[in-house]
Amino acid sequence: MTAQTTMPPKQEAKQSNEVERTRSRRVFAARTDIYERDDALVVIAEMPGVTRDTVDVTLEGNQLAIVGRVDAQPVEGHELSYAEYEIGDYERRFRVPDGLNADEIDAVLENGVLRLVLRKAEEKKPKKIVVKEN
């Protein structure tokens, strides 16, 4: 017998005092993991329903912004009678460390999961110091 796991409900994103939303709909915080490697910062964000055309990723100074828009996709010839999936947009903002190379960012969206690789600038990568014997 296998145990069933249930995902906790989506968490609504908090609205920043600096930004006002122009769409009157719910906005959820994309579930995100961030890993640091010697050469890069890796961000993985779950954004079901977002497509390549409806996601925006920007890095301005130390602020990484991820915004995804999800539109209801009705099935032609059918009327929705029951739904558990909440429709809404996604938004996350992170303060990232100095020294990321804005020209060296890879972004891939696959099956509702956005993977960003933000490469560190050469001068910010850790340097291994070789210790010599005298």
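The following paragraphs lead through the strands, the two sheets, the nonpolar core and several individual residues of this protein.

The model is a predicted one. The protein comprises 8 strands and 0 helices, and its pattern along the sequence reads β-β-β-β-β-β-β-β. Of its 134 residues, 26% are buried. Among contacts with a separation of 6 or more, 57% link residues that lie 24 or more positions apart. The protein exposes about 10,800 Å², of which carbon and sulfur atoms supply 47%.

One of the sheets is open and has 4 strands in the order β2-β3-β8-β7, paired in the antiparallel sense. The edge positions are taken by β2 (31-36) and β7 (100-110); each has a single partner strand, so one side of each is left without a neighbour in the sheet. From one strand to the next, the twist averages 15°.

Within this sheet, β8 has both β3 and β7 beside it in the strand order. The antiparallel pairing of β3 and β8 extends over 7 bridges, and Ala40 has Arg119 as its bridge partner in β8. On the other side of the pairing scheme, β7 and β8 (residues 113-120) are likewise antiparallel, over 7 bridges. Two positions help to fix the register of β7 against β8. Ile105 has Leu118 as its bridge partner, while Glu110 stands opposite Val113. The hairpin formed by these two strands has 2 residues between them, and Asn111 adopts a positive phi near 55° there.

A further open sheet consists of 4 strands in the order β1-β6-β5-β4, with mixed pairing. Here β1 and β4 stand at the edges, each with a single partner strand, so one side of each lacks a neighbour in the sheet. The mixed character can be followed strand by strand. Strand β1 (residues 27-28) runs parallel to β6 and is joined to β6 by 2 bridges, with Val27 opposite Asp89. By contrast, β5 and β6 run antiparallel and are joined by 6 bridges; in this pair, Ile66 stands opposite Arg92 of β6.

How is the nonpolar interior put together? In soluble globular proteins, nonpolar side chains tend to be buried together. The largest nonpolar core of this protein has 18 residues, and those touching the most other members are Met47, Leu64, Ile66, Tyr90, Leu114, Leu116 and Leu118. At least two residues of this core come from each of β3 (40-46), β5 (63-68), β6 (89-95) and β8. Strands of both sheets therefore contribute to the core, since β3 and β8 belong to the order β2-β3-β8-β7, and β5 and β6 to the order β1-β6-β5-β4.

Ile66 illustrates this arrangement at the level of a single residue. Leaving aside neighbours within four places in sequence, Ile66 is in contact with Val43, Met47, Asp56, Tyr90, Glu91, Arg92, Phe94, Leu114 and Leu116. Among these contacts, Met47, Tyr90, Leu114 and Leu116 are also named with Ile66 among the core residues that touch the most other members.

Which side-chain and backbone groups does Lys120 reach? This residue, Lys120, lies in strand β8 and is buried, with a relative accessible area of 13%, under the 20% limit that defines burial. The side chains of Lys120 and Glu36 are joined by a polar contact of 2.7 Å. In addition, the side chain of Lys120 reaches the backbone oxygen of Arg37 at 3.0 Å.

Gly61 offers a contrasting case in terms of accessibility. Gly61 is located in the loop between β4 (55-60) and β5, and its relative accessibility of 64% places it in the exposed class. In sequence, Gly61 and Asp98 are 37 residues apart, and their C-alpha atoms are 8.0 Å apart in space.

Note on methods: Residues are numbered from 1 along each chain as its sequence is written. This is a predicted model: local features need pLDDT of at least 70, side-chain atom pairs count only at pLDDT 80 or more; totals for chains, interfaces and linings use all residues. Side-chain values use heavy atoms; hydrogens and water are left out. Two strands pair if DSSP finds at least two bridges between them. Axes are lines fitted to C-alpha atoms, for helices over the stretch in contact, and angles run from 0 to 180 degrees between N-to-C directions. A nonpolar core is a set of buried Ala, Val, Leu, Ile, Met, Phe, Trp, Tyr and Cys residues joined through side-chain atoms within 4.5 Å. Buried means under 20% relative accessible area, exposed over 50%, partly exposed in between (1.4 Å probe, protein chains only). Contact means heavy atoms within 4.5 Å. A polar contact is a pair of N or O atoms within 3.5 Å; within protein, one must be able to donate a hydrogen and the other to accept it, and residues adjacent in sequence count only if both atoms are side-chain atoms. Accessible areas come from the Shrake-Rupley method with a 1.4 Å probe; for residues, only the protein chains shown count as cover.
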